[in-house]
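Here is a friendly walk through one model, starting with the ligand and moving outward from there. Keep the viewer open as you read.

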Amino acid sequence: MLEVKNVTRMFGQKAAVDNISFAIDGPAFVGIIGRSGAGKSTFLRMMNRLTDASSGSILVEGRDVLALKGAEARAWQSQCAMIFQQFNLVPRMDVASNVLHGILNRRSTLQTMFNLWSEADILKALEILGRLGIAEQAPKRAEALSGGQQQRVAIARALMQDPKIILADEPIASLDPMNAQVVMDTLKRINVEDGRMVIANLHTLDTARRYCDRVIGMRDGRIVFDGTPDQLSTGVARDIYGADESFNESATSTAIPADRRPDEAYAGAMLA
Ligand SMILES: Nc1ncnc2c1ncn2[C@@H]1O[C@H](COP(=O)(O)OP(=O)(O)O)[C@@H](O)[C@H]1O
Ligand SMILES: [Mg+2]
């Protein structure tokens, strides 16, 4: 279904993503792990066409999505909805409108200007919010919600587009463990119940082990591991993250110190 072939992204002389290839059949839940700067976000951004690849192709049902232009590229973007660490909601707008914004690109400028949503779209937004357990939040401003609720609103906005693939860039890196679990459970449900492929950049190994069917480990832009969670041994983790003095095999906690940037929390390596 998805075939990544020799994809490279250069920034100046540096390859942020260096000739990576892999294929995913069917609606798997795939985790991409690796330390900060490994190229995880750059890869997702290329898939979603937020940034261009320097070379290579990504075939989805035989079509190279990296070669799409204009309206076709935009149509592809709604087929692979993106979830971000910082939710990217409009903070002062109500939750239901934030969800409806998932289909902004299907509407005319006038409809958007006058905030005219069809009744069917509004009902669909409310139904999705209900499914994710946050229907009662619909009239509230997004900024009034907890982080875990906001990320579920972002997932609801993504579902509004009815995407084939959900790309999530460190979706739980800003959340406490309890909210993190609710959000990961939500992504897993969407994967299993709807058959949508999920590709998530994850910053802890135990999350990858717990939720993913398949884990891809990146280091310095390259794939250094591609396998199942049970193949993710301590030795493999050390290959992926690199053995520096902050690598701590015995770390078992999933809590992220609030004063550390989530990307840097790889260092504890969260080896369960
Ligand atoms: N817009 C950019 N300009 C220059 N370098 C970038 C840009 N975006 C990412 N990089 C570099 O590409 C590499 C991979 O970054 P990124 O994909 O963000 O890694 P990760 O998400 O795994 O932390 C890093 O060395 C980063 O500094
Ligand atoms: Mg990143």
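Helix α1 provides three residues of the shell around ligand 1, the largest share from any element. Bear in mind throughout that this is a predicted model.

**Around the ligand**

Twelve residues surround ligand 1, and G37, G39, K40, S41 and T42 come nearest. By class, the shell holds three nonpolar, five polar and four charged residues. For setting up a calculation, you may like to see the polar side-chain atoms that lie by oxygen atoms of the ligand, listed here.

| Residue | Partner | Distance |
|---|---|---|
| K14 | oxygen atom of ligand 1 | 3.5 Å |
| K40 | oxygen atom of ligand 1 | 2.8 Å |
| S41 | oxygen atom of ligand 1 | 2.8 Å |

On its own, ligand 1 has 560 Å² of accessible area, and the protein covers 60% of it. Two elements give two or more residues each to the shell: β2, spanning 14–24, and α1, spanning 40–47.

**The helix beside the ligand**

How many of the eight residues of α1 are buried? Six of them are, so α1 is largely enclosed by the rest of the structure. The buried ones are K40, T42, F43, L44, M46 and M47. K40 thus appears twice in this picture: it is buried, and a polar atom of its side chain lies 2.8 Å from an oxygen atom of ligand 1. After α1 comes R49, with a positive phi near 65°.

**The largest pocket**

Now for the empty space. Rolling a probe the size of a water molecule over the atoms shows where such space is left. The largest pocket holds about 390 Å³. Its lining is made up of 18 residues, and those closest to the centre are Q77, M82, F84, R157 and Q161.

Which elements supply at least two residues each to this lining? They are α2 (70–79), β6 (80–84) and α6 (147–160). Strand β6 gives the largest share, with four residues. In terms of class, eight lining residues are nonpolar, eight are polar and two are charged.

**Just past strand β6**

The loop between β6 and α3 (95–100) contains Q85. Is Q85 buried or exposed? Its relative accessible area is 19%, and because buried means under 20%, Q85 counts as buried. The side chain of Q85 also makes a polar contact with the side chain of S174, at 3.2 Å.

**Two helix residues further along**

D194 belongs to helix α7, which covers residues 177–194. With a relative accessibility of 28%, D194 counts as partly exposed. Follow the chain and D194 is 167 residues from P27, but the C-alpha atoms of the two are separated by 9.0 Å.

I240 sits in helix α9, residues 234–241. Here the relative accessibility is 0%, so I240 counts as buried. M218 is 22 residues away from I240 along the chain, and their C-alpha atoms are 6.3 Å apart.

**Looking back**

To revisit the two sites in your viewer, begin at ligand 1 with G37, G39, K40, S41 and T42, the residues that come nearest. Then turn to the largest pocket and its central residues, Q77, M82, F84, R157 and Q161.

Terms used. Residues numbered from 1 in each chain as written. Chains lettered and ligands numbered in written order. Predicted model: local features only at pLDDT ≥ 70, side-chain atom pairs only at ≥ 80, totals over all residues. Heavy atoms only, no water. 1 Å grid on protein atoms, 1.4 Å probe; cavity = no way out; pocket = protein on both sides within 12 Å on 5 of 7 lines; lining within 4 Å. Points joined across faces, edges and corners; volume = space filled by probe spheres on them. Nonpolar A, V, L, I, M, F, W, Y, C, P; charged D, E, K, R; others polar. Near = heavy atom within 4 Å. Polar contact = N/O pair within 3.5 Å; in protein donor to acceptor, adjacent residues only side chain to side chain. Areas by Shrake-Rupley, 256 points an atom, 1.4 Å probe, with all protein chains shown as cover. Buried < 20%, exposed > 50% of the residue type's maximum accessible area, 1.4 Å probe, protein only.
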